[in-house]
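Student: Could you take me through one part of this model in close detail? I would like to follow the charged side chains and what they connect.

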Amino acid sequence: MSPRRDSTAPARQPVIPENDPVWQAFLRAPVDDEPLTQDERAAMAEGAAGRTIPGEVVTAELRRRAEAEGAVAEFDEIYALARAPAHRPR
């Protein structure tokens with residue numbers, strides 16, 4: 001269980017192998033220095049106020065779009081990978 005936001009417990013850092021290509025790409029990526037748009041600010045305010053979209057609604061919309069594009073097999077494969085327990089090397 002993760003610590004609460006007001007907790008004094010230290011946050012755990014993920015263990016990321018130094019040779020992980022995704023992590024290396026992340027480290028080399030440029031900083032996004034573009035100013036936020038009004039729409040982005042409004043979305044952030046809604047999220048901070050607790051007005052969010054449930055994950056089930058988002059998943060249903062993504063599946064509907066995959067069906068419309070004939071990509072249900074790909075959606076199911078990605079969704080299954082996302083739902084699978086993460087492999088944690090020790």
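Tutor: Happily! Glu61 forms a salt bridge with Arg65, with the closest N and O atoms 2.8 Å apart; a salt bridge here is a side-chain nitrogen of Lys or Arg within 4 Å of a carboxyl oxygen of Asp or Glu. This is a predicted model, in which local features need pLDDT of at least 70 and side-chain atom pairs count only at pLDDT 80 or more, while totals for chains, interfaces and linings use all residues. Residues are numbered from 1 along each chain as its sequence is written, and side-chain values use heavy atoms, leaving out hydrogens and water.

Because Glu61 and Arg65 are four residues apart in helix H3, about one helical turn separates them. Helices are DSSP runs (H or I, at least four residues), numbered from the N terminus. Glu61 counts as partly exposed because its relative accessibility is 27%; the class covers values between buried, under 20% relative accessible area, and exposed, over 50% (1.4 Å probe, protein chains only). Glu61 also belongs to a network of salt bridges that links it with Arg64 and Arg65. The structure holds four salt bridges.

Arg63 is a good residue to visit next. Its side chain meets that of Glu67 in a salt bridge at 3.6 Å, N to O, and these two are again four residues apart in helix H3, so about one helical turn lies between them. Arg63 also has a salt bridge with Asp76, at 2.4 Å, N to O. Since Arg63 lies in helix H3 and Asp76 in helix H4, this pair ties together parts that are 13 residues apart in sequence. Relative accessibility is 29% for Arg63, which counts as partly exposed, 46% for Glu67, also partly exposed, and 35% for Asp76, likewise partly exposed.

That brings us to the helix pair itself. Helix H3 (residues 55-68) and helix H4 (residues 72-83) pack at an angle of about 150°, with their axes 8 Å apart. The axes are lines fitted to C-alpha atoms over the stretch in contact, and angles run from 0 to 180 degrees between N-to-C directions. On the H3 side, the contact (heavy atoms within 4.5 Å) is made by Thr59, Leu62, Arg63, Ala66 and Glu67, and on the H4 side by Val72, Phe75, Asp76 and Tyr79. Arg63, Glu67 and Asp76 are thus part of this contact as well.
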